[in-house]
Every structure is written in C-alpha cells, then in structure tokens.
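Please take a moment with the sequence and the fold shown here before reading on. The paragraphs that follow go from single residues to the sheet and then to the pocket.

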Amino acid sequence: MKKEYTKEMMCLTHKMKLFHSRMRTNAELTDAEFVVLIAIAEKSRTEKNGRMMSASTSDVAKHMGATLPAASKMVRNLSIKGYVRQVPGEFDRRVTQLALTDKGNSILKESFQKRHVIMEKVFEQFGEEKTGQLIDLLAELTDLLEKEVMKKDD
C-alpha cells in the first residue's frame, strides 16, 4: 500500500471534521460538548427490557474515548449552560443520570436539520450511485478501523 494513502486519508478526515464543526448552529458549544449531547441523546433513545435507558457520565466517556474526569467536566459545563440536566440515579443515588434539557434537544435538532439540508444538496450533486458507494466504503472502513483499534486495546 502506498504511504501517501494514509497521509491523504488523515488530511481528508481533518477536513471533514472542520466541515462538521462549521455546520454546528451554536458557537457557544465546543465540538466535544456537541458530541456529549449526541452521546446523551443516543443513549436516551435506547430501550432495555421495555424501559428507556438514560446516559451516565461513564457512558459519555466511553462514547467519546475520554477519561471520566474529562467527561465529567464537559457534562458539568453543559449543565451550567443549560443543555443537560443531571439527576441522581433511581436505584443508586451516587450514579448521576443525564438527560438533555429542552435547550439541549433544540440545539441538536437545529444542527441536524442544517446538516441534513447541506448533505442533501451535496449528495444530489454527487449522484445516487456514487453516494451509495461512498457510504458503503466508509462503513467498511469504519468497521476495519474499529477492529484494528480494538486489537490495539487488548
């Protein structure tokens, strides 16, 4: 394999991250804080044994690949800004459950709508066949990267 592929892929990944940042609708939030909101929203949509799950700070840390203290700090900041609500756990009061406030839900909805509009325009120009191929290739690449990272962590 050519060494240039790795360099080019890293460059393109960085550019995609920059585009992702520019598509946020709220400059008050950092990229990491936005990811925390997404993590909380995703965990809160998950059902287990017929009950809706709630996110914990450790769930957020795992989702982000961050340390627990770093995730705790971001959650605290988001709580102060009014995007996240921290509630003592139902069964264990030491475990704080996280939920998005109306403000948190609203900013996610706005950002996703803005991204959807932009991506629809881009994919329309890109064409259905190429878009499908790109998505398939990115899914395969993501799976392979995840497997390699997991090997490293073992």
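In which helix is Ser58 found? In this predicted model, Ser58 belongs to helix α3. Its relative accessibility is 34%, a value between the 20% under which a residue is called buried and the 50% over which it is called exposed, so Ser58 counts as partly exposed. Computed along the chain in residues, Ser58 and Thr30 are 28 apart, and the distance between their C-alpha atoms is 20 Å.

Thr57 is likewise found in helix α3. Is Thr57 buried or exposed? Thr57 has a relative accessible area of 13%, and because buried means under 20%, Thr57 is classed as buried. Leaving aside residues up to four places away in sequence, the residues that Thr57 touches are Leu68, Ala71, Ser72, Val75, Thr96 and Leu98. Two residues of that list, Thr96 and Leu98, lead on to the sheet, where Thr96 in β5 stands opposite Pro88 and Leu98 in β5 is the bridge partner of Ala55.

The chain as a whole gives these details their setting. Its secondary structure comes to six helices and five strands, and from the N terminus on the elements follow one another as α-α-β-β-β-α-α-β-β-α-α. Along the principal axes, the C-alpha trace spans about 55 × 40 × 30 Å. The chain has 154 residues, and buried residues make up 23% of them. If one takes the contacts between residues at least 6 apart in sequence, 50% of them join residues at least 24 apart.

How are the three strands of the open sheet ordered? The order is β3-β5-β4, with antiparallel pairing, and the edge strands, each of which pairs on one side only, are β3 (55-56) and β4 (84-88). Between β3 and β5, the latter made of residues 96-100, the antiparallel pairing extends over two bridges, and in this pairing Ala55 has Leu98 as its partner in β5. Helix α2 packs on the sheet and touches β3, β4 and β5, while its direction makes about 100° with that of β5. On the other pairing, β4 and β5 run antiparallel and are joined by five bridges. Strand β5 is itself mostly covered, since four of its five residues are buried.

A pair of partly exposed residues can be placed on the helices α1 and α5. Gln113 is found in helix α5, and with a relative accessibility of 47% Gln113 counts as partly exposed. Gln113 and Leu98 are separated by 15 residues in sequence and by 24 Å in space, taken from C-alpha to C-alpha. Lys17, for its part, is found in helix α1 and counts as partly exposed at 49% relative accessibility. From Lys17 to Gly82 there are 65 residues in sequence, and the C-alpha atoms of these two residues are 25 Å apart.

Lys17 also brings the reader to the largest pocket. Rolling a probe the size of a water molecule over the atoms shows where empty space is left. In the largest pocket, that space comes to about 1,300 Å³. Which residues lie nearest the centre of the largest pocket? Of the 26 residues that line the pocket, those nearest its centre are Leu12, Thr13, Met16, Lys17 and Leu138. The elements that give two or more residues to this lining are α1 (3-22), α2 (31-44), α3 (57-64), α5 (102-126) and α6 (128-153), and α6 gives the most, with nine residues. Sorted by class, the lining holds 19 nonpolar, four polar and three charged residues.

Several elements thus appear in more than one part of this account. Helix α2, which packs on the sheet, is also among the elements that give two or more residues to the lining of the largest pocket, and helix α3, in which Thr57 is found, is another of those elements.

Note on methods: Residues are numbered from 1 along each chain as its sequence is written. This is a predicted model: local features need pLDDT of at least 70, side-chain atom pairs count only at pLDDT 80 or more; totals for chains, interfaces and linings use all residues. Side-chain values use heavy atoms; hydrogens and water are left out. On a 1 Å grid over the protein atoms alone, a cavity is a set of points where a 1.4 Å probe fits but cannot get out, and a pocket is an open set with protein on both sides within 12 Å along at least five of seven lines; lining residues have an atom within 4 Å of a point. Grid points are joined across faces, edges and corners, and a volume is the space filled by probe spheres set on the points. Ala, Val, Leu, Ile, Met, Phe, Trp, Tyr, Cys and Pro count as nonpolar, Asp, Glu, Lys and Arg as charged, and the others, Gly among them, as polar. Two strands pair if DSSP finds at least two bridges between them. Contact means heavy atoms within 4.5 Å. Axes are lines fitted to C-alpha atoms, for helices over the stretch in contact, and angles run from 0 to 180 degrees between N-to-C directions. Buried means under 20% relative accessible area, exposed over 50%, partly exposed in between (1.4 Å probe, protein chains only).
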